[in-house]
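The following exercises are to be worked with the sequence and the model side by side. Each task is followed by a solution in steps.

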Amino acid sequence: MSMELKLFLAGCILFVVAMLMKASRNHFKTKVSQSLFKNVYSWVDTLWTALIIASFLMFFFIQAFKIPSGSMRNTFYEGDHLFVNKFIYGFHIPFSDGKRFAALKSLAPGDIVVFTCPPSALTVSEREAKITKDYIKRCVAVGGDTVEVKDKKLYVNGIPVDEPYVNFGDPNVYQSFNLFNDAAEYQKAWEDGKFNSIPPNFIRDNFGPVTVPQGCYMMMGDNRDYSFDSRFWGPLPDKYIKGKALFLYWPLQRIRLV
C-alpha cells in the first residue's frame, strides 16, 4: 500500500471519528468534560483534514524521497533526501493502469526519475509477498531507441553518449557471453526481464544492442558499475513512472535543484 493511500485511509478513519465525536458532543455535561472534548475534537478535525490534503498533494504533485542505495553516486548519496515532481509528466488517472493527462513535458534522456520497481526487478519472494519499492535512475533512452554498451561506453542509436555524471568504480571490463541464438532471442529475453537471472558480469560492461519498446524507457544508474538497472531487469513501462527528481533538500550543505 502506497504512503499516499495510507494517509488517505487514515484521514478517512479520523473523519469518521470526528463525525462520531460531533454527534456525541451533547453527552458531555460538565465544563471540564466539554473543554476536554472541544480540544480533542479540534485536534482530530484538524488532523483528518491535514492527512487528506497531504495524501492529495503526494499523489498528484510533490513527494519526498530518500535515496536508498549507492546506484546514483556521485549524483546522489545514500540517505540524501529530495523532492520529486509528480505532475511534470502528467497526472496519473486513478485505477487506469498508469494513464496520464495534462503532461507538461515528455520524459527525455537525461532525466533523473523516481519510479515503482517493476516486477522483473524483484525477487520471487518479494513478488509473492507483494512488496513494492521505489527506485531512482537516469533515463538514457526512450521507446524506439537502440541501446548498446560497449566496454562500458553507452551508445544510443549508434552514437556515443557523453555522460560526465557517470561514475565507474570498477576498473575491470567484463566481456559479454553469447547465451542466445540470435538478436531476436536476445531482445525478447531482455524485454521479459530474464537477464535478471544471468550473472551480472555477462551483461554489465557489454550489453545489447536492444531496442526500447514503445511506451517504455531504458533506466541506468550513474554509479554504472554498481547499479541494478534496465540492463538486468529490462525496459521500464511508463505506468511505473512516479516523477522527476526536483530538489535535493538534505543534507543542508548540498541543497540544490536537480
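**Exercise 1. Describe the surroundings of Q187.**

Solution. The model is a predicted one. Begin with contacts: apart from residues up to four places away in sequence, Q187 touches V210 and T211. Next, place the residue: Q187 belongs to helix α4. Finally, classify its accessibility. The cut-off for a buried residue is under 20% relative accessible area. Q187 has 15% relative accessibility and therefore counts as buried.

**Exercise 2. Characterise the overall form of the protein.**

Solution. First, take the inventory of secondary structure: the protein has 5 helices and 14 strands. Second, compare the radius of gyration with the globule rule. The radius is 23 Å, whereas the rule gives 18 Å for 258 residues; the value is well over the rule, so the protein is more spread out than a compact globule. Third, consider the extents: the C-alpha trace spans about 80 × 40 × 35 Å along its principal axes.

Fourth, turn to burial and surface. Of the 258 residues, 41% count as buried. The accessible surface is about 14200 Å², and carbon and sulfur atoms account for 63% of that area. Fifth, examine the contacts between residues at least 6 apart in sequence: 62% of them join residues at least 24 apart. Last, consider charge. There are 30 positive and 24 negative side chains, with the centres of the two sets 13 Å apart.

**Exercise 3. Identify the principal members of the largest nonpolar core and the elements that build it.**

Solution. As background, nonpolar side chains in soluble globular proteins tend to be buried together. In this model the largest nonpolar core has 20 residues, and the members that touch the most others are V147, F195, F207 and M218. Two or more residues of this core come from each of β6 (134–142), β7 (146–150), β8 (153–156), α4 (183–191), β10 (207–211) and β11 (216–220).

Now follow one of these members. Beyond its neighbours within four places in sequence, M218 contacts R138, C139, V140, A141, V147, W190, F207, V212, S230 and R231. A second core, separate from the one above, has 17 residues, among them A121, Y217, M219 and W233.

**Exercise 4. For the loop residues V166 and I203, establish whether each is buried or exposed, and find a partner distant in sequence.**

Solution. Start with V166, which is located in the loop between β9 (159–160) and α4. Its relative accessibility is 14%, so V166 counts as buried. Outside the residues up to four places away in sequence, V166 touches D222 and R224. For the partner, consider N74: V166 and N74 are 92 residues apart in sequence, while their C-alpha atoms are 7.7 Å apart.

Continue with I203, in the loop between α4 and β10. With a relative accessible area of 3%, I203 is buried. Residues up to four places away being left out, I203 touches F195, I198, R231 and F232. Its partner here is S176: the two residues are 27 places apart in sequence and 5.8 Å apart in space, C-alpha to C-alpha.

**Exercise 5. Locate the backbone features that involve P209, P251, K130 and K152.**

Solution. Recall the usual case: most residues other than glycine have a negative phi, and most peptide bonds are trans.

Step one concerns the peptide bonds. The bond from G208 to P209 is cis, with omega near 5°, and P209 is placed in strand β10. The bond joining W250 and P251 is also cis, with omega about 10°. P251 lies in the loop between β13 (241–250) and β14 (256–257).

Step two concerns phi. K130, which is not a glycine, has a positive phi of about 55°. K130 is found in the loop between α3 (124–128) and β6. K152 likewise has a positive phi, near 75°, in a residue other than glycine. K152 is found in the loop between β7 and β8.

Step three asks which of the two lysines is buried and which is exposed. The cut-off for exposed is over 50% relative accessible area. K130 has a relative accessible area of 72% and is therefore exposed. K152, with 9%, is buried.

Conventions
Residues numbered from 1 in each chain as written. Predicted model: local features only at pLDDT ≥ 70, side-chain atom pairs only at ≥ 80, totals over all residues. Heavy atoms only, no water. Core = buried A, V, L, I, M, F, W, Y, C linked by side-chain atoms within 4.5 Å. Buried < 20%, exposed > 50% of the residue type's maximum accessible area, 1.4 Å probe, protein only. Helix = DSSP H or I, 4+ residues; strand = E, 2+ residues; numbered from the N terminus. Contact = heavy atoms within 4.5 Å. Rg over C-alpha atoms; globule rule 2.2 N^0.38 Å. Areas by Shrake-Rupley, 256 points an atom, 1.4 Å probe, with all protein chains shown as cover. Lys, Arg positive; Asp, Glu negative; His and termini not counted. Charge placed at Lys NZ, Arg CZ, Asp CG, Glu CD.
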